[in-house]
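Got your viewer open? Let's take a short walk through this model, starting with the whole chain and ending at a single side chain.

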Amino acid sequence: MTIKLGSLAADITKERSGDWIEPESWPGLNPKKPLEQVPLPGLAFHVRSTNYPPYVTARQAALEEAKRAYPNEDMPPDEAARIEGRLAVEHLLLDWRGLDIEFSTDAVATILAAEEHRVLRSMIFWCAGQV
């Protein structure tokens, strides 16, 4: 079997302008069955790729800043959440559907910066990795 080289090429337009990605299910949402994949019908995120050049640059800058701020210790979880949330809002997440809160940049910035919304951040980064 021969694979066409073109089939391995990235879709640069989608990486930069975004695409709707639907996480069909997610593990760990049922505390009684933490390994169970919970269906997420109707949930979708309009995201850019984690290869989006401004995101890659901003992420690298944030990592270098964190190394300077915490040279001999781990970054506190709330600080990591704030940075990850800011990067997601500024560079990756363009819209969502299927959540009980309407998408707005201001609301999303607050939500994604909160440590307790790590599952939502993980979903967004997973979806961005699929673009």
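**The outside first**

Show the surface: the chain exposes about 8,700 Å², and carbon and sulfur atoms supply 53% of that area. Keep in mind that you're looking at a predicted model.

Now switch to a C-alpha trace. Along its principal axes, that trace spans about 50 × 35 × 30 Å. Try colouring by burial next: 32% of the chain's 131 residues count as buried.

**Cartoon view**

Turn on the cartoon and you'll find 5 helices and 5 strands. Start at the N terminus and follow along: the order is α-β-β-β-β-α-α-β-α-α.

How much of the contact network joins residues at least 24 apart? Among contacts between residues at least 6 apart in sequence, it's 66%.

**Charges**

Select the charged side chains. You should get 14 positive and 20 negative ones. The centres of these two sets lie 5 Å apart.

**Last stop: Arg121**

Select residues 118–130, which make up helix H5, and pick out Arg121 there. Is Arg121 buried or exposed? Its relative accessible area is 5%, so Arg121 counts as buried, the cut-off being under 20%.

So what is around it? Setting aside neighbours within four places in sequence, select Ala81, Glu84 and Gly85, then Leu112, Ala113, Ala114 and Glu115: Arg121 is in contact with each of these. Glu84 and Glu115 on that list are counted among negative side chains, while Arg121 is counted as positive.

Terms used: Residues numbered from 1 in each chain as written. Predicted model: local features only at pLDDT ≥ 70, side-chain atom pairs only at ≥ 80, totals over all residues. Heavy atoms only, no water. Helix = DSSP H or I, 4+ residues; strand = E, 2+ residues; numbered from the N terminus. Buried < 20%, exposed > 50% of the residue type's maximum accessible area, 1.4 Å probe, protein only. Contact = heavy atoms within 4.5 Å. Areas by Shrake-Rupley, 256 points an atom, 1.4 Å probe, with all protein chains shown as cover. Charge placed at Lys NZ, Arg CZ, Asp CG, Glu CD.
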